[in-house]
Amino acid sequence: MAEDPAMAGDPVLRLSEAGKGFNGVTVLDGVSLEVPQGQFVALVGPSGAGKSTLLRLVNGMHVPDSGTVRTLGENPAACSRRRLRALRARVGFVFQQFGLVGRLSALENVLMGALATLRLPRYGVMSYPHALRVRAVEHLDRVGMADRRFQRCDTLSGGQQQRVAVARTLLQSPELILADEPVASLDPAASMVVLETLERISAEDGISVVCSLHQIEFALAVADRVVALRGGRLVLDEPAAGLSAERLRGIYGTAGARDD
Ligand SMILES: Nc1ncnc2c1ncn2[C@@H]1O[C@H](COP(=O)(O)OP(=O)(O)OP(=O)(O)O)[C@@H](O)[C@H]1O
Ligand SMILES: [Mg+2]
């Protein structure tokens, strides 16, 4: 589906000294980061550290004030609208609030993940091409939700809804998944199921995942690499293996967020 794949060997994501401020206040301060294909990166740091801002730079929702961002070989800040749309179709985004349509079934919500590639609006599951419906059910199966495919999403638990949201993202065939606190509103058990689902998909399909998280233990359990921001600066970037929870907890010290 990718029209313009990143050149072989290119990182999926490259931030070079990327900076961003709002109303004269610096929120991201010269952040450099490269993410190779297939890596699961946990992005941690206190509230206000700049995690969501970083993710928004990556998919072109924000433009950096300084430095550069390259996502899948493209510079989102320099893309035309059409090119940006094409780039975003290659980048899956998973939110804390799931973003599902509650009155629609799990299956129809997943099918909506393909709307960017279908020209006409669709009404009901049967209005989607058969092959797409088959793929949608396969993705629901991968996240353990195939048996719930006809259930309205507003009757699913939070963890189940987030897994449906992941399946919807998968229907996009993303080359990179950005997840902004995908488990912030879930209990620990449901959180782990969602994160392990993302981890498995990342490993099996070679999709890079950048996932912001507050729970240090979860970050260490599922990520290949942990990147920590504090006050808009990258303060730690290490493989998860061998990293201690204590060290990571230190990132969340009293001098955590930049509240100036
Ligand atoms: N559109 C905006 N306009 C003004 N300020 C903004 C905007 N977006 C973010 N900020 C500010 O930038 C800082 C970083 O915000 P960001 O949402 O990136 O933090 P975060 O690390 O994701 O925090 P949290 O863990 O609470 O989600 C905050 O101080 C926030 O108020
Ligand atoms: Mg955030």
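# Exercises: sheets, a buried helix and a ligand shell

Strand S7 (residues 208–212) is mostly covered, with five of its five residues buried. A residue is buried if 20 or more other C-beta atoms lie within 10 Å of its own, exposed if 12 or fewer, and partly exposed in between, with C-beta atoms placed from the backbone. Strands (E, at least two residues) and helices (H or I, at least four) are DSSP runs, numbered from the N terminus.

This is a predicted model: local features need pLDDT of at least 70, side-chain atom pairs count only at pLDDT 80 or more, and totals for chains, interfaces and linings use all residues. Residues are numbered from 1 along each chain as its sequence is written, while chains are lettered from A and ligands numbered from 1 in the order in which they are written.

**Exercise 1. Sort the residues of S7 by the way they point.**

Solution. Step one: Ser-208, Val-210 and Ser-212 point one way. Step two: Val-209 and Cys-211 point the other way. Step three: check burial. All of these residues are buried.

**Exercise 2. Place S7 in its sheet and find the edges.**

Solution. Start with the order. Six strands form an open sheet, S5-S6-S7-S3-S8-S9, with mixed pairing. Two strands pair if DSSP finds at least two bridges between them. S5 and strand S9 (233–239) stand at the edges with a single partner strand each, so one side of each has no neighbour in the sheet. The twist averages 15° from one strand to the next; strand axes are lines fitted to C-alpha atoms, and angles run from 0 to 180 degrees between N-to-C directions.

Now walk through the pairs.

- S5 (residues 91–95) and S6 (residues 176–180) are parallel over five bridges. Gly-92 stands opposite Ile-177 in S6. Four of the five residues of S5 are buried.
- S6 and S7 run parallel, joined by five bridges. Leu-178 stands opposite Val-210 in S7.
- S3 and S7 pair in the parallel sense over four bridges. Leu-43 stands opposite Ser-212 in S7.
- S3 (residues 40–44) and S8 (residues 225–230) are parallel over four bridges. Leu-43 stands opposite Val-227 in S8.

**Exercise 3. Describe the sheet with the order S2-S1-S4.**

Solution. This open sheet has three strands and antiparallel pairing. S2 (25–35) and S4 (66–71) stand at the edges with a single partner strand each, so one side of each is left without a neighbour in the sheet. The twist averages 25° from one strand to the next. S1 (residues 13–22) and S2 are joined by seven bridges. Leu-13 has Val-35 in S2 as its bridge partner.

**Exercise 4. Which residues surround ligand 1, and which helix gives the most?**

Solution. A residue is near the ligand if its C-beta atom, placed from the backbone, lies within 6 Å of it. The shell holds Phe-22, Asn-23, Val-27, Gly-45, Ser-47, Gly-48, Ala-49, Gly-50, Lys-51, Ser-52 and Thr-53. Three are nonpolar, seven polar and one charged. Here Ala, Val, Leu, Ile, Met, Phe, Trp, Tyr, Cys and Pro count as nonpolar, Asp, Glu, Lys and Arg as charged, and the others, Gly among them, as polar. Helix H1 (residues 51–58) gives the most, with three residues.

Next, the helix itself. Seven of its eight residues are buried, so H1 is largely enclosed by the rest of the structure. Among them are Lys-51, Ser-52 and Thr-53. Gly-60 follows H1 and has a positive phi, near 80°.
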